[in-house]
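Please work through the exercises below with the sequence and the structure open beside you. Each task is followed by a solution that goes step by step.

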Amino acid sequence: MKKIKLYELLCKNFAYEDKEAKSLIMAGKVFVDNKLIDKPGECVYDNSVITIKDNKKKYVTRSGYKLEKAISYFNIDVKNKIAVDIGASEGGFTDCLLQHGIGKVYSVDVAYGILAWKIRQDSRVIPLERTNARLLSFKNIGEYADIITVDVSFISLKLIFPVINDILHANGECICLIKPQFEAPANEVGKNGVITNTTVLLKIIHDLITHAEYNQLNINGLTYSPIRGNNGAIEYLLYLKRDKKYNDDEVKNIIQAVITESLA
């Protein structure tokens with residue numbers, strides 16, 4: 001056992017931002033082993049039982065709300081299914097899957113030790129840390145996924161589609177968070193990584209959907225994220241399945257409609 005500052009433990013186990021954790025502690029809402037502590041810098045054992053009074057945070061990170069919209073909007077039933085969460089990070093998507101009744105979820109991330117303790121201790125979660133998503137294959141998991149969720153940064157989804165194709169069940173479903181700033185050429189990315197040019201956004205999303213089709217993954221729906229990314233960047237939620245639902249003209253119309261709505 002080792003000691004750690006209380007606010008740092010909250011950040012580690014509950015995925016709070018520093019300021020958010022400190023505010024909760026100073027407001028008298030944090031108990032350590034049933035004892036109230038109101039000093040953010042006080043050191044406590046890293047295996048202490050933390051209780052947060054009136055904790056209104058539904059998911060360990062706000063990304064959980066992004067996946068929540070996709071599950072609702074696309075009417076996806078995840079109950080008792082097998083999922084792979086690519087780019088799990090602290091576990092926002094994984095948390096959302098758990099709260100919607102997933103049977104098992106492989107939480108994949110290249111990092112180590114950042115998956116929130118709340119998520120890590122759930123028996124349905126199988127952490128696959130220090131795992132490069134581009135190298136993930138059926139051999140790593142040993143079973144096909146009914147549901148795949150993807151939230152990756154600094155890498156194009158085009159490099160993840162072959163992996164999805166390899167591990168997704170024939171009747172499986174996939175939700176990808178599109179982050180345009182990581183899909184566009186540098187000269188097309190606006191200030192602070194925000195892209196608002198509709199022509200550029202249309203090209204980015206259409207190109208992604210085309211690459212998905214090369215990997216037997218077809219668009220079955222598209223919407224925009226209810227929460228913007230860093231610096232206000234607009235993000236999109238792409239729903240993929242094996243069966244082809246739309247022709248190319250229909251796909252372009254869907255993309256254009258969603259982009260217009262997202263920028264309104």
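The exercises that follow concern a predicted model, and they take up domains, charged residues and one loop residue in turn.

**Exercise 1. Domains**

Task: State which residue ranges the domain assignment gives, and how many Å separate the C-alpha centres of the domains.

Solution: Begin with the assignment itself, which gives domain 1 as residues 3-52 and domain 2 as residues 62-263. Then turn to the C-alpha centres of domain 1 and domain 2, which lie 32 Å apart.

**Exercise 2. A charged surface patch**

Task: Name the residues that form a negative surface patch, and place Glu8 within its element.

Solution: The patch is formed by Glu8, Glu17, Asp18 and Glu90. Of these residues, take Glu8, which lies in helix α1, spanning residues 6-14. Its relative accessibility is 32%, and Glu8 therefore counts as partly exposed, since that class covers the range between under 20% for buried and over 50% for exposed.

**Exercise 3. A salt bridge between buried residues**

Task: Determine which parts of the chain are tied together by the pair Lys66 and Glu235, and decide whether these two residues are buried or exposed.

Solution: The structure holds 12 salt bridges, and one of them joins the side chains of Lys66 and Glu235, with an N to O distance of 2.7 Å. Lys66 belongs to helix α3 (residues 63-73), whereas Glu235 sits in the loop between β11 (218-224) and β12 (236-241), so the pair ties together parts that are 169 residues apart in sequence. As for accessibility, both Lys66 and Glu235 are buried.

**Exercise 4. Salt bridges with partly exposed residues**

Task: Give the closest N to O distances for the pairs Lys158 with Asp207 and Arg124 with Asp122, and locate the partners of the Lys158 pair.

Solution: For Lys158 and Asp207, the closest N and O atoms are 2.6 Å apart. Lys158 is found in the loop between β9 (145-150) and α7 (161-167), and Asp207 in helix α8 (residues 198-214), so this salt bridge ties together parts 49 residues apart in sequence. Lys158, at 24% relative accessibility, counts as partly exposed, and Asp207, at 25%, also counts as partly exposed. In the salt bridge of Arg124 with Asp122, the closest N and O atoms are 3.0 Å apart, and Arg124 counts as partly exposed at 27% relative accessibility.

**Exercise 5. A loop residue**

Task: Is Asn215 buried or exposed, and what separation do the C-alpha atoms of Asn215 and Ile160 have?

Solution: Asn215 lies in the loop between α8 and β11. With a relative accessible area of 14%, Asn215 is buried, because buried means under 20%. Finally, Asn215 and Ile160 are 55 residues apart along the chain, and their C-alpha atoms are separated by 10.0 Å.

Technical notes: Residues are numbered from 1 along each chain as its sequence is written. This is a predicted model: local features need pLDDT of at least 70, side-chain atom pairs count only at pLDDT 80 or more; totals for chains, interfaces and linings use all residues. Side-chain values use heavy atoms; hydrogens and water are left out. Domain bounds come from an automatic or database domain assignment. Patches are made of residues with over 30% relative accessible area and no salt bridge: like charges are joined within 9 Å, nonpolar side chains (Val, Leu, Ile, Met, Phe, Trp, Tyr) within 5 Å. Accessible areas come from the Shrake-Rupley method with a 1.4 Å probe; for residues, only the protein chains shown count as cover. A salt bridge is a side-chain nitrogen of Lys or Arg within 4 Å of a carboxyl oxygen of Asp or Glu. Lys and Arg count as positive and Asp and Glu as negative; His and the chain ends are not counted. The place of a charge is taken as NZ of Lys, CZ of Arg, CG of Asp or CD of Glu. Helices (H or I, at least four residues) and strands (E, at least two) are DSSP runs, numbered from the N terminus. Buried means under 20% relative accessible area, exposed over 50%, partly exposed in between (1.4 Å probe, protein chains only).
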